[in-house]
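User: I would like to go through this structure step by step, with each answer reasoned from the atoms. Please begin once the sequence and the model are in view.

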Amino acid sequence: MADNSFSDGVPSDALEAAKNASNTEKLTDQVMQNPQVLAALQERLDNVAHTPSSYIETLPKAVKRRINALKQLQVRCAHIEAKFYEEVHDLERKYAALYQPLFDKRREFITGDVEPTDAESEWHSENEEEDKLAGDVKNKVVIAEKEAATAEEPNPKGIPEFWFTIFRNVDMLSELVQEYDEPILKHLQDIKVKFSDPGQPMSFVLEFHFEPNDYFTNSVLTKTYKMKSEPDKADPFSFEGPEIVDCDGCAIDWKKGKNVTVKTIKKKQKHKGRGTVRTITKQVPNDSFFNFFSPLKASGDGESLDEDSEFTLASDFEIGHFFRERIVPRAVLYFTGEAIEDDDNFEEGEEGEEEELEGDEEGEDEDDADINPKV
């Protein structure tokens, strides 16, 4: 049998390799002549070339060494910033003591323990002049009717359901409130923020003050939020100020049959041997705002939480921060809805700016395309 492994002294595998190389070159030439392929390749190369990390990699070692020195300076800046926020916390504590007499008077007006004077009740609205003119005309016509209506008008004590109305007005809070929570929250008389004492770890406490009620014996329910104001050793550049790292609730002393955080269910069980069926009752967790006082604990043993737990904990921290920064300081404006309108307007403004910025970026891209058309 003839040996076909050689042809004219050239090995057949070498001929096959040369043939493949020729085909590859032809295919490459065809691809490189395709404008769409070239444009995609050029865009990819442009993106790679313009990433900051790729640029840094091209720098000489001496320059990289100086950049590392700048990073060390940046870490030291982060630690100074942490000290700044610690002093801000001290200032918050100082001014909280100045606010408190005003908040105490607010509670007295809300509960009806004290009636505001005429001077304290005077408030000038934005439409005061229009209201005054309309009121003068109306008074000349309906003085008698107005006096009769005033005599019949109810005069409840204080401002009924003040804090409960805030819960209903604020979406973040109303989402937590179940129908069976509502009669309990109507007994809420005040919410206070207490800051940690000097020299103690940074924290704040939310105090929910309730009048005597048929649901629990506690007069005050508390939620403590623990904070940290120091750069993370593993990622110091992520530091942007104090963050809540954990929280503690409190035990609620529910009266018999009034615990809304659990529900009783009935379940049938069948005996394996005798085949008899019995009905048992058991308590299971129930959705309620008052689960707010039994928070999920942040993992302290280095183990990571699952995604749902992380989300629950982050939401809890957000709510605590919102009570401290917005609800308690500006309660009357959340009661009337004015603060909610301001928040909505602010969010709409941010969205408008983002849309405008996106439009500008698209315009820039179009201009670039006109100046540097791709082949």
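User: How many helices and how many strands does the protein have?

Analyst: This is a predicted model, and local features are read only where pLDDT is at least 70. With that in mind, the secondary structure of the protein comes to 12 helices and 8 strands.

User: What share of the residues is buried, and what part of the exposed area do carbon and sulfur atoms supply?

Analyst: Of the 375 residues in the protein, 23% are buried, which is to say under 20% relative accessible area. The protein exposes about 27800 Å², and the part of this area supplied by carbon and sulfur atoms is 51%.

User: Among contacts between residues at least 6 apart in sequence, what percentage joins residues at least 24 apart?

Analyst: One example of two residues distant in sequence is Leu 333 and Ile 166, which are 167 residues apart along the chain while their C-alpha atoms are 9.0 Å apart in space. For the contacts of the protein between residues at least 6 apart, the percentage that joins residues at least 24 apart is 58%.

User: Does the end-to-end distance of helix α4 agree or disagree with its number of residues, and what is that distance?

Analyst: Helix α4 runs over residues 61–111, and its 51 residues should span 75 Å at 1.5 Å a residue. The distance between its end C-alpha atoms agrees with this expectation, at 70 Å.

User: Where in α4 does a kink lie?

Analyst: The kink in α4 is about 35°, and it comes shortly before the proline Pro 101. Beyond the helix, Gly 112 just after α4 takes a positive phi of about 85°. The kink itself lies at Tyr 99.

User: Which elements are included in what covers the buried residues of α4?

Analyst: The buried residues of α4 include Ala 78, Ala 82, His 89, Arg 93 and Ala 96, and further along the helix Phe 103 and Ile 110 are among them too. An α-helix has 3.6 residues a turn, so residues three or four places apart point the same way. The cover over the buried residues of α4 includes α7, β3, β4 and α11.

User: How far does α10 reach from its first C-alpha to its last?

Analyst: Helix α10 has 21 residues, for which 30 Å is expected at 1.5 Å a residue. Its buried residues include Leu 313, Phe 317, Phe 323 and Arg 324. The reach of α10 from first to last C-alpha is close to the expected figure, at 28 Å.

User: Are the rings of Phe 167 and Phe 289 stacked or edge-to-face?

Analyst: The structure holds 24 aromatic pairs. In the pair of Phe 167 and Phe 289, Phe 167 lies in helix α7 and Phe 289 in the loop between β8 and α10, so the pair ties together parts that are 122 residues apart in sequence. Both Phe 167 and Phe 289 are buried. Their ring centres are 5.1 Å apart and their planes stand at 85°, an angle over the 60 degrees required, so the pair is edge-to-face.

User: Is the pair of Phe 204 and Tyr 225 stacked or edge-to-face?

Analyst: Phe 204 in strand β4 and Tyr 225 in strand β5 are 21 residues apart, and their pair links distant parts of the chain. Phe 204 is buried, as is Tyr 225. The ring centres are 5.2 Å apart and the planes lie at 20°, which is under the limit of 30 degrees, so the pair is stacked.

User: Which charged residue sits over the ring of Phe 204?

Analyst: Elsewhere in the protein, the charged end of Lys 258 sits over the ring of Tyr 215, 5.5 Å from its centre. Over the ring of Phe 204, 4.9 Å from its centre, sits the charged end of Arg 324.

User: Which residue in the loop between α6 and α7 has a positive phi near 55°?

Analyst: The residue is one other than glycine. Its relative accessible area is 33%, a value between the 20% and 50% limits, so the residue is partly exposed. The residue in this loop with the positive phi is Glu 161.

Terms used: Residues numbered from 1 in each chain as written. Predicted model: local features only at pLDDT ≥ 70, side-chain atom pairs only at ≥ 80, totals over all residues. Heavy atoms only, no water. Phe/Tyr/Trp six-rings, centres within 6.5 Å; stacked < 30°, edge-to-face > 60°. Helix = DSSP H or I, 4+ residues; strand = E, 2+ residues; numbered from the N terminus. Buried < 20%, exposed > 50% of the residue type's maximum accessible area, 1.4 Å probe, protein only. Lys NZ or Arg CZ within 6 Å of the ring centre and 35° of its normal. Expected span 1.5 Å × (residues − 1). Bend = angle between axes of the 7 residues up to and from the residue. Contact = heavy atoms within 4.5 Å. Areas by Shrake-Rupley, 256 points an atom, 1.4 Å probe, with all protein chains shown as cover.
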